[in-house]
2 protein chains.
Amino acid sequence: MAMKALSKATIYQVAQLAGVSIATVSRALRDSDLVTAETRERVRSAARELNFTPSRPARSLAEGRHAANGIVFPDLIGPYYAEVVLGYEATAAASGSSVLILATNGRPDAAAAVRELAGRVDGLTVMGRTVDDEVVAGIASAGLPVVLLARDPVDGVDTVRAGNSGTARALAEHLVGHGHRTITFLGDPDESPDVAGRYAGVRAGSKGARLTLVRGKGLDLDSGRRAAEQLLTHEKPDAVICANDEVALGVLLAASEHGLRVPEDLAVTGWDDLLAARFAGLTTVRQPMRELGATAARWLNRRIDENSGEQNRTAARRRILATELVIRQSCGSHEEVRS
Amino acid sequence: MAMKALSKATIYQVAQLAGVSIATVSRALRDSDLVTAETRERVRSAARELNFTPSRPARSLAEGRHAANGIVFPDLIGPYYAEVVLGYEATAAASGSSVLILATNGRPDAAAAVRELAGRVDGLTVMGRTVDDEVVAGIASAGLPVVLLARDPVDGVDTVRAGNSGTARALAEHLVGHGHRTITFLGDPDESPDVAGRYAGVRAGSKGARLTLVRGKGLDLDSGRRAAEQLLTHEKPDAVICANDEVALGVLLAASEHGLRVPEDLAVTGWDDLLAARFAGLTTVRQPMRELGATAARWLNRRIDENSGEQNRTAARRRILATELVIRQSCGSHEEVRS
DNA sequence: TTGAAAGCGGTACCAT
DNA sequence: ATGGTACCGCTTTCAA
């Protein structure tokens with residue numbers, strides 16, 4: 001019994017074993033109809049015997065495409081990004097494209113990493129706070145299809161995002177309706193376009209209340225908790241609108257440590273509707289995370305197809321996916337109030 | 001002003017513009033010390049002017065390596081996988097490797113997708129319930145470095161996982177210590193090696209109690225909730241040990257709908273220590289998710305280096321990372337009981 | 001229908 | 001130090 005081939009066989013070996021040329025092997029394996037059924041079968045079995053798989057780099061080099069696309073995101077922490085990436089992967093995979101991921105998190109060389117990635121894919125999706133617009137513009141103008149996700153538009157580049165300001169405004173108005181008069185927005189609008197949009201909406205919806213901006217640094221639980229320590233001993237607002245759920249949950253923790261009741265002594269709201277929000281009774285806003293990723297992947301694919309075909313490039317698209325207010329207990333009692 | 005090059009320049013164009021051969025360009029750009037500082041600079045600026053980036057496929061083809069590795073996981077839903085993947089990505093990136101992801105979720109052609117992926121990377125990490133051992137063995141025996149994650153070992157392949165049975169046993173004993181006598185394990189041991197390990201541990205720790213196995217199908221919130229409906233109207237145990245947190249949270253929801261108090265009427269435990277568990281007061285087990293991913297990436301890299309170097313291959317490694325019991329309120333009152 | 005051969009864009013060896 | 005050139009493994013004309 002022959003030893004199984006331990007390293008990769010080449011198309012030449014298959015050709016030799018099948019007694020044909022490499023051109024024929026290539027055709028046979030890709031179901032070209034320029035090969036006899038009989039030949040095809042001979043090639044097939046030779047390939048099987050040698051455990052042959054075409055070299056991806058060789059294929060890509062010859063075809064001039066990678067059959068892969070990439071997504072760049074800040075972090076995978078927090079269910080938010082994970083869901084988006086998942087939606088992206090599922091859609092990309094469905095259209096036969098492999099997916100490369102890159103988390104820029106605390107990376108100092110994010111721009112370089114993104115450029116490197118750009119060389120490995122047929123198209124790139126870039127999320128929020130990852131790299132500067134210049135990097136994006138550079139890549140896009142080099143001819144690589146790009147889709148922006150949860151991020152301010154760049155000239156000529158498609159953008160998909162979730163609604164921020166409208167729902168944020170509704171949220172703020174809801175709080176005011178509860179009778180809250182000193183409201184604090186916890187989060188740094190400079191941290192991400194999403195946060196900026198939310199803050200803008202909150203401002204618009206806070207007429208009749210005093211709104212204070214506290215720039216918490218970071219969007220995780222501990223950031224929220226730390227910021228709250230400060231907040232609850234000084235400003236003492238009666239409502240805190242947080243940039244996202246994790247921060248809000250941190251505030252909830254701090255509040256309980258300070259013996260504050262929510263919502264009686266302090267109303268708290270978040271953004272994202274994480275699983276935890278439900279169990280914490282947190283009023284928040286739901287985003288179509290999966291759909292965000294899926295839409296980006298779909299659009300990117302379209303651009304890639306456009307690129308290869310000779311159709312004239314269509315104008316940059318923009319879409320804002322709807323978000324939804326999720327009222328729970330943390331924003332105030334709803335026994336008597338109806339909203 | 002010249003138009004920026006809209007498509008990619010090749011090394012030939014750079015060579016021509018710099019007035020040198022492509023060999024020199026290659027050297028200059030890769031900081032070989034076989035080039036004059038002056039030449040290097042000339043090449044550099046030519047490359048910059050043409051906005052040149054070496055073609056990744058061409059490089060890979062010539063070098064015989066991808067400078068990338070991949071990770072295969074069932075799903076990205078639930079913070080568990082997300083954290084693992086993140087830890088993986090961070091470590092892989094730190095060692096200069098791009099990361100390809102593949103979610104096999106409900107994919108019918110998972111095996112084929114994994115094989116495709118295998119052709120794009122220098123090494124592969126395969127998680128839990130994704131593809132059969134045969135697929136893994138096939139890939140590994142073809143010479144591709146593989147690391148298994150949260151999965152039963154395969155001959156000759158490295159395996160990293162988190163402790164299940166020991167901690168599960170401690171968990172069960174804790175419940176028995178609370179006085180619970182009819183315990184149900186909710187989860188299908190056939191669903192994943194992890195669940196199997198947990199069930200085994202629970203069995204060992206349930207001496208003195210009546211243990212029932214209820215094979216819930218699925219590891220998400222709704223599965224838990226549905227299974228609980230059944231459970232709470234029939235078996236009526238006084239404690240439910242769930243395969244993971246999401247299922248447990250589903251049970252919590254169902255219990256509250258049935259007007260059952262937790263833990264007085266029903267004790268519930270989970271596994272993973274999701275963020276939500278904390279806010280639900282859920283007793284659970286914490287896994288070092290990030291570290292699982294990081295370890296896999298590190299090991300894979302070592303294997304890849306071994307492969308290229310001529311060092312003799314070391315024996316397959318196995319490691320079980322420690323997990324930790326996290327006692328909260330859902331398992332029983334701790335006012336009087338001390339554990 | 002099949003084969004020969006010219007790329008695809010690099011790397012690295014061998015001369016010079 | 002630099003240039004010439006033989007690969008790397010596949011796809012795709014162009015002829016036969």
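Reader: Where is Asn51(A) found in chain A?
Author: In this predicted model, Asn51(A) has a phi near 55°, a positive value in a residue other than glycine. Most residues other than glycine have a negative phi. As for its place in the chain, Asn51(A) is found in the loop between helix 3 and helix 4 of chain A.

Reader: At what angle do the axes of helix 2 of chain A and helix 3 of chain A cross?
Author: Two packed helices are described by the angle between their axes and the distance between the axes. The axes of helix 2 and helix 3 (residues 37-50) of chain A come within 9 Å. The two helices are roughly perpendicular to each other, a class that covers 65 to 115 degrees. The crossing angle is roughly 95°.

Reader: Which residues of helix 3 of chain A meet helix 2 of chain A?
Author: By class, the contact between these two helices has 5 nonpolar, 2 polar and 2 charged residues. Helix 2 of chain A brings Thr24(A), Val25(A), Ala28(A) and Leu29(A). From helix 3 of chain A come Thr39(A), Arg40(A), Val43(A), Arg44(A) and Ala47(A).

Reader: Which residues come nearest to DNA strand C?
Author: There are 29 residues around DNA strand C, divided into 16 nonpolar, 8 polar and 5 charged. Sugar and phosphate account for 66% of the strand's atoms that come within 4 Å of the protein. The nearest residues are Thr24(A), Arg27(A), Thr39(A), Ile11(B) and Ser26(B).

Reader: Which helix gives the largest share of the surface near DNA strand C?
Author: Both chains take part: helix 2 (22-29) and helix 4 (56-63) of chain A each supply at least two residues. On the side of chain B, helix 1 (11-18), helix 2 (22-29) and helix 4 (56-63) each do so as well. The largest share, 5 residues, comes from helix 4 of chain B.

Reader: Which side chain has a polar atom 2.6 Å from a base oxygen of DNA strand C?
Author: Contacts to other parts of the strand can be set aside. The side chain of Arg59(B) has an N or O atom 2.8 Å from a phosphate oxygen of DNA strand C. Thr36(A) has a polar side-chain atom 2.9 Å from a sugar or linking oxygen of that strand. The side chain with a polar atom 2.6 Å from a base oxygen is that of Arg27(A).

Reader: What share of the atoms of DNA strand D within 4 Å of the protein belongs to sugar or phosphate?
Author: Around DNA strand D there are 30 residues, of which Ile11(A), Ser26(A), Thr24(B), Arg27(B) and Thr39(B) come nearest. The residues of this surface divide into 16 nonpolar, 9 polar and 5 charged. On the DNA side, bases make up the rest of the atoms within 4 Å once sugar and phosphate are counted, and the share of sugar or phosphate is 62%.

Reader: Which residue has a backbone N or O atom 2.9 Å from a phosphate oxygen of DNA strand D?
Author: Two side chains of chain A also reach phosphate oxygens of this strand: Arg30(A) at 2.8 Å and Arg59(A) at 2.7 Å. Helix 4 of chain A gives the most to the surface near DNA strand D, with 5 residues. The backbone contact at 2.9 Å belongs to Ser21(B).

Reader: With which residue does Arg59(A) form a salt bridge?
Author: Side chains of opposite charge can pair when their charged atoms come close. The structure holds 48 salt bridges over all chains. In the one formed by Arg59(A), the closest N and O atoms are 3.3 Å apart. Its partner is 4 residues away in helix 4 of chain A, about one helical turn, and is Glu63(A).

Reader: Which residue does a cis peptide bond join to Val262(B)?
Author: Most peptide bonds are trans. In chain A, the bond from Val262(A) to Pro263(A) is cis, with omega near 10°, and Pro263(A) lies in the loop between helix 11 (245-257) and strand 9 (267-269). In chain B, the proline in question lies in the loop between helix 11 (245-257) and strand 9 (267-269) of that chain. With omega about 10°, the cis bond joins Val262(B) to Pro263(B).

Terms used. Residues numbered from 1 in each chain as written. Chains lettered and ligands numbered in written order. Predicted model: local features only at pLDDT ≥ 70, side-chain atom pairs only at ≥ 80, totals over all residues. Heavy atoms only, no water. Near = heavy atom within 4 Å. Polar contact = N/O pair within 3.5 Å; in protein donor to acceptor, adjacent residues only side chain to side chain. Nonpolar A, V, L, I, M, F, W, Y, C, P; charged D, E, K, R; others polar. Axes fitted to C-alpha atoms, helices over the stretch in contact; angles between N-to-C directions. Parallel < 35°, antiparallel > 145°, perpendicular 65-115°, else oblique. Contact = heavy atoms within 4.5 Å. Salt bridge = Lys/Arg side-chain N within 4 Å of Asp/Glu carboxyl O.
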